[in-house]
Amino acid sequence: MNTPVWDDCDWKPLPRLEGTVRADICVIGLGGSGLAALEELTAQGANAVGLDAGAVGAGAAGRNGGFVLAGLAKFFHETCERFGPETAAAIYRQTAEETQRQAREMPDVIRLSGSLRLAADAAELADCRLHLAALRAAGFAAEPYAGPEGEGILLPTDGAMQPLRRVRAMAQKLREKRALLYEHSPVRQIATGAVMTEAGTVLCGQVLVAVDGRLERLLPELAPRVRTARLQMLATAPAPEVDFPRPVYWRYGYEYWQQRPDRSIALGGFRDHALEAEWTPDAEPTAFIQGLLEKFLREHLRVKAPVTHRWAASVAYTADGLPVLEQVRDKVWAVGAYSGTGNIVGALCGRAAARLACGQPSAWAELLARARGAG
Ligand SMILES: Cc1cc2nc3c(=O)[nH]c(=O)nc-3n(C[C@H](O)[C@H](O)[C@H](O)COP(=O)(O)OP(=O)(O)OC[C@H]3O[C@@H](n4cnc5c(N)ncnc54)[C@H](O)[C@@H]3O)c2cc1C
């Protein structure tokens, strides 16, 4: 229980931080965001150290639905309404470009199959039409869809991936460039010029916190704006009785599933059915949500294959749906709170914060600032 279906590949554990090391910058969190930050820092020639409380991908980055989606967590037409069509389109464009970049870099991990947003009822179908119209008006690829899975829209430039394999591949490449990465090194204190773990210290000029779920625990000054929730999933044995060529999100994205290359199903959702209980830093699956997922699996998806995995992980939300990307204290940067959709946005934020910490401009950070100003 609580093992993701993605954990099917070999991983040689990294050392734990013991004693004192020195660095220009210490990155806390070895998920997709922290690793992207480390990639950028390495490219900038900075001497960086990365720490994780658990293993690489131990958080949401290695335990998620594997959807590779353009845009922010809110649908494109809602983003247009909130932040203006130009800013929304610029955000969408950058996320679509980041998707292409990741797919080019990791063709064995990411497949650009497109994604389906399917409507749960007539009202949602009407919303799908607004979503489609906004995307087309901005010149983005999107098509109406009606097929065996249901009715809605097809986003041909999206895709799916094996999320844990992605972050392990990122970490492996960083190690080949001699980046110092430490696992099982929970940070206990962030002080000026130093990060303290259970068994060691990083003496550093700057700190970059790249933690999605529980971000507000590590940086309590973000607590008024950031709230942690649990998301839950299950997966099955190969299910040849069903055919989902693309990842699907349904009922405004509350439920989401993909059929993996071995035909097994990874399905998540139903957070809103226990909304108060799921606003929690706890990351253990519960019988209630798992029961709803299994019922949906059998009755809606018509999957007969047995359930093999059940798991949960933490993510953080903001009220306006914009991620955190800022200097929260002198020389302490924070990225996170992707409101449930952080595979692409997290990488953009991690890289942007790394650039800002190096005194470089970031088009992504400027866009988010523009959106924040408009929202
Ligand atoms: C079930 C589920 C399904 C999801 N589905 C999708 C999806 O399909 N598509 C999508 O785009 N997004 C999805 N998301 C969201 C996405 O997974 C996250 O937004 C993204 O992975 C966040 O990456 P990250 O690197 O910022 O954070 P994380 O992956 O959470 O990484 C943070 C790391 O920081 C470490 N850490 C925390 N505290 C400390 C500390 N004190 N000291 C040291 N290290 C610490 C953690 O161990 C962790 O490894 C989903 C999330 C969940 C939980």
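User: Ala, Val, Leu, Ile, Met, Phe, Trp, Tyr, Cys and Pro count as nonpolar, Asp, Glu, Lys and Arg as charged, and the others, Gly among them, as polar. How many residues of each class does the shell around the ligand have?

Analyst: This is a predicted model, in which local features need pLDDT of at least 70 and side-chain atom pairs count only at pLDDT 80 or more, while totals for chains, interfaces and linings use all residues. Residues are numbered from 1 along each chain as its sequence is written, and side-chain values use heavy atoms, with hydrogens and water left out. A residue is near the ligand if one of its heavy atoms lies within 4 Å of it. By class, the shell comprises 18 nonpolar, 14 polar and three charged residues.

User: Which residues come nearest to the ligand, and which helix and strands each supply at least two residues of its shell?

Analyst: Among the 35 residues around the ligand, the nearest are Ser33, Asp52, Ala53, Ala61 and Asp212. Helices (H or I, at least four residues) and strands (E, at least two) are DSSP runs, numbered from the N terminus. The elements that each give at least two residues to the shell are helix H1 (32-43), strand E13 (227-236) and strand E17 (307-317).

User: At what distances do Ala53, Phe67 and Asp212 approach the ligand, and what share of the ligand's accessible area does the protein cover?

Analyst: A polar contact is a pair of N or O atoms within 3.5 Å; within protein, one must be able to donate a hydrogen and the other to accept it, and residues adjacent in sequence count only if both atoms are side-chain atoms. A backbone N or O atom of Ala53 is 2.8 Å from a ligand nitrogen, a polar backbone atom of Phe67 is 2.9 Å from a ligand oxygen, and a side-chain N or O atom of Asp212 is 2.6 Å from a ligand oxygen. Accessible areas come from the Shrake-Rupley method with a 1.4 Å probe, and for residues only the protein chains shown count as cover. Of the 1000 Å² that the ligand has on its own, the protein covers 93%.

User: Is Asp212 buried or exposed?

Analyst: Asp212 is placed in the loop between strand E12 (200-210) and helix H6 (215-218). Buried means under 20% relative accessible area, exposed over 50%, and partly exposed in between (1.4 Å probe, protein chains only). Because its relative accessible area is 17%, Asp212 is buried.

User: Which residues' backbone nitrogens lie within reach of a polar side-chain atom of Asp212?

Analyst: Contact means heavy atoms within 4.5 Å. Leaving aside residues up to four places away in sequence, Asp212 touches Val315, Ala316, Gly336, Ala337 and Tyr338. For the backbone nitrogens, the distance to a polar atom of the Asp212 side chain is 3.1 Å for Ala316 and 3.5 Å for Tyr338.

User: What is the phi of Ala337?

Analyst: Ala337 is found in the loop between strand E19 (332-336) and helix H9 (345-357). At 0% relative accessibility, Ala337 counts as buried. Its phi is positive in a residue other than glycine, near 60°.

User: What is the radius of gyration of the protein?

Analyst: The protein has 10 helices and 19 strands. The radius of gyration is taken over C-alpha atoms, and the globule rule is 2.2 Å times the number of residues to the power 0.38. That rule gives 21 Å for 375 residues, close to the protein's value, so the protein is as compact as a globular protein of that length; its radius of gyration is 20 Å.
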